Amino acid sequence: MSRRTSRPHGSAPAAGAPGRITQESPCPCGFPATYGACCGRLHSGAAAAPTCEALMRSRYTAFVVRDAGHLLRTWHPDTRPPSVDFDPALRWKGLDILDTTEGSAFHATGTVTFRAHFTDDGRADSLHEQSRFVRHQGAWVYATAVFVD
């Protein structure tokens, strides 16, 4: 996700306010696993994303839990901002993965098209984006995005 301020296919469960996600909470990315067994492993550095979709899901979850470190570590150095500022009025509510192209262990690039649902100061909205991922030093990283809507 390229928004600097401040999801198998399907919608993620609603996520609460930042900081309420525990290792045993359902993972906000939408996979049927706990945060600790899913995106939490990527956030802690215990595992690397095997696909660009897995990285996309972990980056969405990083916005939910406000993990700027993970976002910056998984952003390509050529496009990475110096910092990530989270908008305190935003609450991420769910992720729909709409399409993926390439992005497996056999690829060097891939895209993920998604819709991320959020509320902004209580008003429901969504971000529809196609994110591009590349391999950098052997790991998947977020490179660029095109807003679909």
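Two strands count as paired when DSSP finds at least two bridges between them. Keep that in mind for Gln137, which takes a positive phi near 50° in the hairpin of S3 and S4, where two residues sit between the strands. We will come back to this residue after a walk through the rest of the model, which is a predicted one.

Let us start with the overall plan. The protein chain contains three helices and four strands. Following the sequence from its start, you meet them in the pattern α-α-α-β-β-β-β. The chain has 149 residues, and 46% of them are buried. Its accessible surface comes to about 7,000 Å², with 53% of that belonging to carbon and sulfur atoms.

Now look at the strands. They form an open sheet of four, in the order S1-S2-S3-S4, with antiparallel pairing. Strand S1 (90-102) and strand S4 (139-147) are the edge strands, since each pairs on one side only. On average, neighbouring strands of the sheet are turned by 30° against each other, ignoring direction. Helix H2, residues 52-65, packs on this sheet and touches S1, S2, strand S3 (123-136) and S4. The direction of H2 makes about 170° with that of S1.

We can cross the sheet one pair at a time. S1 and strand S2 (residues 109-120) are antiparallel and share eleven bridges. Two places to find this pairing are Leu95, which stands opposite Ala116 in S2, and Gly94, whose bridge partner in S2 is His117. The two strands form a hairpin with six residues between them, and Gly103 in the turn has a positive phi of about 80°. Just before that glycine, Glu102 also has a positive phi, of about 50°, although Glu102 is not a glycine. Glu102 lies in strand S1 and is exposed, with a relative accessible area of 51%.

The next step takes us from S2 to S3. These strands run antiparallel and are joined by twelve bridges. Here Phe118 has Asp125 in S3 as its bridge partner. The hairpin of S2 and S3 has two residues between the strands, and Asp121 takes a positive phi near 55° there.

The last pair is S3 with S4, antiparallel over eight bridges. His136 stands opposite Ala139 in S4. This brings us back to Gln137, in the loop between S3 and S4. Its phi near 50° is a positive value in a residue other than glycine. Is Gln137 buried or exposed? With a relative accessible area of 78%, Gln137 is exposed.

From the strands, let us turn to the interior. The largest nonpolar core has 33 residues, and those touching the most other members are Met56, Tyr60, Trp92, Phe114, Ala116 and Phe133. Helix H1 (39-44), H2, S1, S2, S3 and S4 each supply at least two residues of this core. H2 gives the largest share, nine residues. You have already met one of the core residues in the sheet: Ala116 is the residue opposite Leu95.

Thr113 offers a close view of how parts of the chain come together. This residue is found in strand S2, and at 11% relative accessibility Thr113 counts as buried. Which residues does Thr113 contact, leaving aside its neighbours within four places in sequence? The partners are Asp96, Ile97, Leu98, Asp99, His128, Glu129, Gln130 and Val148. Take Asp96 as an example: the C-alpha atoms of Thr113 and Asp96 are separated by 8.7 Å, while the two residues are 17 residues apart along the chain.

Finally, consider the cysteines. Cys29 is buried, at 0% relative accessibility, and Cys52 is buried too, with a relative accessible area of 1%. How many disulfides are there? The count comes to zero. For a disulfide, two cysteine sulfur atoms must be within 2.5 Å. The cysteine sulfur closest to that of Cys29 belongs to Cys38 and is 3.6 Å away, so the two are too far apart for a bond.

Conventions:
Residues numbered from 1 in each chain as written. Predicted model: local features only at pLDDT ≥ 70, side-chain atom pairs only at ≥ 80, totals over all residues. Heavy atoms only, no water. Axes fitted to C-alpha atoms, helices over the stretch in contact; angles between N-to-C directions. Contact = heavy atoms within 4.5 Å. Buried < 20%, exposed > 50% of the residue type's maximum accessible area, 1.4 Å probe, protein only. Areas by Shrake-Rupley, 256 points an atom, 1.4 Å probe, with all protein chains shown as cover. Core = buried A, V, L, I, M, F, W, Y, C linked by side-chain atoms within 4.5 Å.
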